[in-house]
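Visitor: I am new to this structure and would like to learn how to read it. Could we go through it feature by feature?

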Amino acid sequence: MAEERKSEARVQKEAHVEEIKELIKNCNGMVVVSYQGISVADDTQLRSKFRAENVKYKVLKNRLVQRAFQELGIQGFDGHLEGSSAFAFANGDALAAAKIVVEGSKTIKSLKAKCGLMDGAYIDENTVTKLASIPSKEVLLAQLLGLLQSPISGFARAIKQVAEKDQSAAEA
């Protein structure tokens, strides 16, 4: 049987789709970013923030990303993969990409979160914005620890006051 020959361009596109699928599978969260009109200086600053938070920021072809989503069975992105799109893949804190994009959009007017991916499912722009307002895991753990320690420390103060009262009564 004759072997089907693939063009070099097709082989490269298929390999690129596989790379994108790996990025999607290995990320904790992803944000699709509209970046049209962003200055080089702002883009450089944004990329620096992404690197500091272990977020991979890539400009990818919408068609190839759409194909990767289709092959992974992820739906909901069709209307959002148009125009200039960049993709921020969070590999550590799942909310890091959303936080950087939303915070950056306050000072960089041409930067906007289009939508995202969280736990393998599509999330819209409003959800990305809401997720960006959630404190980091470390802050949440510190708040929880403070809540757990509050009753114990109150109880310890009460016991100490009772002991001091008993001691002053014994001295009198």
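Visitor: Which residues of H2 meet which residues of H4?

Guide: From H2 come Leu 46, Lys 49 and Phe 50, and they meet Ala 97, Ile 100 and Val 101 in H4. Keep in mind that this is a predicted model.

Visitor: How do I describe the way two helices pack?

Guide: Two packed helices are described by the angle between their axes and the distance between those axes. Here the axes of H2 and H4 cross at roughly 155° and come within 10 Å. Angles over 145 degrees count as roughly antiparallel, so H2 and H4 are roughly antiparallel to each other. The crossing in which H2 passes H4 is right-handed.

Visitor: At what angle do H4 and H5 pack?

Guide: The angle between H4 and H5 is about 100°, and their axes are 8 Å apart. Angles of 65 to 115 degrees count as roughly perpendicular, and H4 and H5 are therefore described as roughly perpendicular to each other. On the H4 side, Ala 98, Lys 99 and Val 102 take part; they meet Val 128, Thr 129, Leu 131 and Ala 132 in H5.

Visitor: Is Ala 98 buried or exposed?

Guide: Ala 98, which lies in helix H4, has a relative accessible area of 4%. Buried means under 20%, so Ala 98 is buried. Setting aside residues up to four places away in sequence, Ala 98 touches Val 31, Val 128 and Ala 132. A separation along the chain can also be set beside a separation in space: Ala 98 and Ala 113 are 15 residues apart along the chain, and their C-alpha atoms are separated by 7.8 Å.

Visitor: Now the sheet. In what order do the strands lie?

Guide: The order is S2-S3-S1-S4-S5, five strands forming an open sheet with antiparallel pairing. Strand S2 (55-59) and strand S5 (121-124) are the edge strands, each pairing on one side only. On average, neighbouring strands of this sheet are turned by 20° against each other, direction ignored.

Visitor: Over how many bridges do S1 and S3 pair?

Guide: Strand S1 (residues 29-34) pairs with strand S3 (residues 85-90) over six bridges, in the antiparallel sense. Val 32 can serve as a point of reference, standing opposite Phe 87 in S3. Helix H2 (residues 40-52) packs on the sheet, where it touches S2 and S3. The direction of H2 makes about 145° with that of S2.

Visitor: Phe 87 has come up. Which residues does Asn 62 contact?

Guide: Neighbours within four places in sequence aside, Asn 62 is in contact with Leu 81, Glu 82, Gly 83, Ser 85 and Phe 87. Asn 62 itself is found in helix H3 (residues 62-72). Its relative accessible area is 14%, and Asn 62 is buried.

Visitor: How many salt bridges does the structure hold?

Guide: The general idea is that side chains of opposite charge can pair when their charged atoms come close. This structure holds seven salt bridges. One of them joins Lys 21 to Glu 18, with the closest N and O atoms 3.2 Å apart. Both residues lie in helix H1 (residues 8-26), three residues apart, about one turn of the helix. Lys 21 is buried at 11% relative accessibility, whereas Glu 18 is partly exposed at 39%. Glu 18 and Lys 21 are also linked with Glu 71 in a network of salt bridges.

Visitor: Where do Glu 103 and Lys 106 lie?

Guide: They lie in helix H4 (residues 96-107), three residues apart, and are therefore separated by about one helical turn. Their side chains meet in a salt bridge of 3.5 Å, N to O. Glu 103 is partly exposed, with a relative accessible area of 47%. Exposed means over 50%, so Lys 106, at 52%, is exposed.

Visitor: Which parts of the chain does the pair of Glu 125 and Lys 112 link?

Guide: The side chains of Glu 125 and Lys 112 meet in a salt bridge of 3.8 Å, N to O. This pair links distant parts of the chain: Glu 125 is in helix H5 (residues 125-132) and Lys 112 in strand S4 (residues 112-118), 13 residues apart. Glu 125 counts as partly exposed at 32% relative accessibility, and Lys 112 counts as partly exposed at 42%.

Definitions and conventions. Residues are numbered from 1 along each chain as its sequence is written. This is a predicted model: local features need pLDDT of at least 70, side-chain atom pairs count only at pLDDT 80 or more; totals for chains, interfaces and linings use all residues. Side-chain values use heavy atoms; hydrogens and water are left out. A salt bridge is a side-chain nitrogen of Lys or Arg within 4 Å of a carboxyl oxygen of Asp or Glu. Helices (H or I, at least four residues) and strands (E, at least two) are DSSP runs, numbered from the N terminus. Buried means under 20% relative accessible area, exposed over 50%, partly exposed in between (1.4 Å probe, protein chains only). Two strands pair if DSSP finds at least two bridges between them. Axes are lines fitted to C-alpha atoms, for helices over the stretch in contact, and angles run from 0 to 180 degrees between N-to-C directions. Contact means heavy atoms within 4.5 Å. Angles under 35 degrees count as roughly parallel, over 145 as roughly antiparallel, 65 to 115 as roughly perpendicular and the rest as oblique. A crossing is left-handed if the near helix is turned anticlockwise from the far one by less than a right angle, and right-handed if clockwise.
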